[in-house]
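Please study the sequence and the structure shown below before attempting the exercises. Each exercise consists of a task and a worked solution.

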Amino acid sequence: MALSALMTTTKPAQKEVMDLLKEMGLRKRLLVIIGGAPTTNEWAEQIGADGWAETAEQGVELAQKLVKER
């Protein structure tokens, strides 16, 4: 699953989705990466995402890498 935030005000929704996935018992079944202008690798780690990408192209590469590793 890829979550993007384009504004600082939408960034907290990424954490809400992560929390909801945990609550629903789905988190361990899904790989989650995040991106978007206001996000950072530190934010991804803080909310428990599997990775962060600065660009869409890097996001595709990261997703492919994570799938292969799993």
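The exercises below concern a predicted model.

**Exercise 1. The order of elements**

Determine how many helices and strands the protein has, and in which order they run from the N terminus.

*Solution.* Step 1: counting the elements gives three helices and three strands. Step 2: reading from the N terminus on, the order is β-α-β-α-β-α. Step 3: the overall dimensions may then be considered. The radius of gyration is 11 Å, close to the 11 Å that the globule rule gives for 70 residues, so the protein is as compact as a globular protein of that length. The C-alpha trace spans about 30 × 30 × 15 Å along its principal axes.

**Exercise 2. The sheet**

Describe the strand order and the pairing of the sheet, and explain which strands stand at the edges.

*Solution.* Step 1: strands of a sheet pair through backbone hydrogen bonds, either parallel or antiparallel. Step 2: here, three strands form an open sheet in the order 1-2-3, and the pairing is parallel. Step 3: strand 1 (2–4) and strand 3 (51–53) each have a single partner strand, so one side of each lacks a neighbour in the sheet, and these two strands stand at the edges. Step 4: from one strand to the next, the twist averages 25°. Step 5: in detail, three bridges join strand 1 to strand 2 (residues 33–35) in the parallel sense, and Ala-2 is found opposite Ile-33 in strand 2.

**Exercise 3. Helices across the sheet**

State which strands helix 1 and helix 3 lie across, and at what angles these helices run.

*Solution.* Step 1: helix 1 (residues 12–23) lies across strand 1 and strand 2, and its direction makes an angle of about 150° with strand 1. Step 2: helix 3 (residues 56–69) lies across strand 2 and strand 3, running at about 155° to strand 3.

**Exercise 4. The surroundings of Leu-20**

Decide whether Leu-20 is buried, partly exposed or exposed.

*Solution.* Step 1: Leu-20 is located in helix 1. Step 2: the relative accessible area of Leu-20 is 43%. Step 3: buried means under 20% and exposed means over 50%, with partly exposed in between; Leu-20 is therefore partly exposed. Step 4: for the protein, 33% of the 70 residues count as buried.

**Exercise 5. Aromatic rings**

Identify which charged residue sits over the ring of Trp-43, and how many aromatic pairs the structure contains.

*Solution.* Step 1: the charged end of Lys-11 sits over the ring of Trp-43, at 4.6 Å from the ring centre. Step 2: a search of the whole structure for aromatic pairs finds zero.

Definitions and conventions:
Residues are numbered from 1 along each chain as its sequence is written. This is a predicted model: local features need pLDDT of at least 70, side-chain atom pairs count only at pLDDT 80 or more; totals for chains, interfaces and linings use all residues. Side-chain values use heavy atoms; hydrogens and water are left out. Rings of Phe, Tyr and Trp (its six-membered ring) pair if their centres lie within 6.5 Å; planes under 30 degrees apart count as stacked, over 60 as edge-to-face and the rest as tilted. A charge sits over a ring if NZ of Lys or CZ of Arg is within 6 Å of the ring centre and within 35 degrees of the ring normal. Two strands pair if DSSP finds at least two bridges between them. Helices (H or I, at least four residues) and strands (E, at least two) are DSSP runs, numbered from the N terminus. Axes are lines fitted to C-alpha atoms, for helices over the stretch in contact, and angles run from 0 to 180 degrees between N-to-C directions. Contact means heavy atoms within 4.5 Å. The radius of gyration is taken over C-alpha atoms; the globule rule is 2.2 Å times the number of residues to the power 0.38. Buried means under 20% relative accessible area, exposed over 50%, partly exposed in between (1.4 Å probe, protein chains only).
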